[in-house]
Amino acid sequence: MNTLVCDIGNSVIKAGIYQRNIFTKKFLLKGNNPDLNFLDDYPISYAAVSSVVPDKTEELKQKIERKTGVVPFLIDHTSKFNLKINYRTPETVGIDRICSAEGALDIYLEENTETLYNEGTGIISIDFGTAITLNFIHYNKIFEGGIIAPGLHMMASALNEKTAQLPLVSASDFEGIIGKSTPSSIAAGIFNAASGMLEKTIKGLINRYSLNELHIFTTGGGYDYIKNYLDFEHSFVDELVLRGINAIYNINR
């Protein structure tokens, strides 16, 4: 039996197929009227949707129902989670952040026995999307919070749009720790800001929670641009958020 999982993000809709809890295929649904013809090759029995764009949620839900006859499960703050959300305003945590963290937890628990999971263990998910988000999970499955910062493209666009003379730059303009031209200086500022912010946060979490073991999982479309400049051990998981959606759906189903 196949399960369709969908992640409605700010820039694109990602869809994945799970066959008996095994990730099978990922699809990117672009445009205002994404087509679901790929489901002709993957008949589904179940569906779950996570969204940070409310205007698109009901539209995609109806399209899935018309196409397959399956009514999708919509993940929201009232859903059951494997995580315990320790957040001052849990109703305001982005569902995509929770799904990302759930995906990281799911991978960790699959790869490690429960005996290795203790007070000195931390799990982090980092999503390089429209925004850069870092989410921290402490023992025992506690979502402690994280950070939200502008994504790489957002930083570049802001500098270009809010100034009179600064050009729009790309990753190819990055030459090193400092720039020797205006484009390379902007690129250096962006990459140093992003990587330095994450490294400082990770170091702070290690100290604050006395961690002796930290498992970091990264994902998102911006990862390829910055991966060579991240000075901490991590594993890239392309379908991290989709995996989290599937894990949440399993506990609710």
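Strands are taken here as DSSP runs of E of at least two residues, numbered from the N terminus, and in this predicted model N135 falls within one such run, strand 8, which covers residues 131-138. The relative accessibility of N135 is 0%, and because buried means under 20% relative accessible area, this residue counts as buried. Leaving aside residues up to four places away in sequence, N135 touches R97, S100, A101, I123, I124, S125, F143, G145 and G146. With one of these residues, R97, the side chain of N135 forms a polar contact of 2.7 Å. For another, I123, which lies 12 residues from N135 along the chain, the separation between the two C-alpha atoms is 8.3 Å.

Elsewhere in the predicted model, 5 strands form an open sheet with mixed pairing, arranged in the order 3-2-1-4-5. Strand 3 (22-29) and strand 5 (73-74) occupy the edges of this sheet, and since each has a single partner strand, one side of each is left without a neighbour in the sheet. The pairing of strand 5 with strand 4, which spans residues 46-51, is in the parallel sense and extends over 2 bridges; within this pairing, A48 stands opposite F73 of strand 5. Helix 6, formed by residues 240-252, packs on the sheet and touches strand 1 (2-8), strand 2 (13-19), strand 3, strand 4 and strand 5, with the direction of the helix making about 120° with that of strand 1.

Key
Residues are numbered from 1 along each chain as its sequence is written. This is a predicted model: local features need pLDDT of at least 70, side-chain atom pairs count only at pLDDT 80 or more; totals for chains, interfaces and linings use all residues. Side-chain values use heavy atoms; hydrogens and water are left out. Two strands pair if DSSP finds at least two bridges between them. Helices (H or I, at least four residues) and strands (E, at least two) are DSSP runs, numbered from the N terminus. Contact means heavy atoms within 4.5 Å. Axes are lines fitted to C-alpha atoms, for helices over the stretch in contact, and angles run from 0 to 180 degrees between N-to-C directions. Buried means under 20% relative accessible area, exposed over 50%, partly exposed in between (1.4 Å probe, protein chains only). A polar contact is a pair of N or O atoms within 3.5 Å; within protein, one must be able to donate a hydrogen and the other to accept it, and residues adjacent in sequence count only if both atoms are side-chain atoms.
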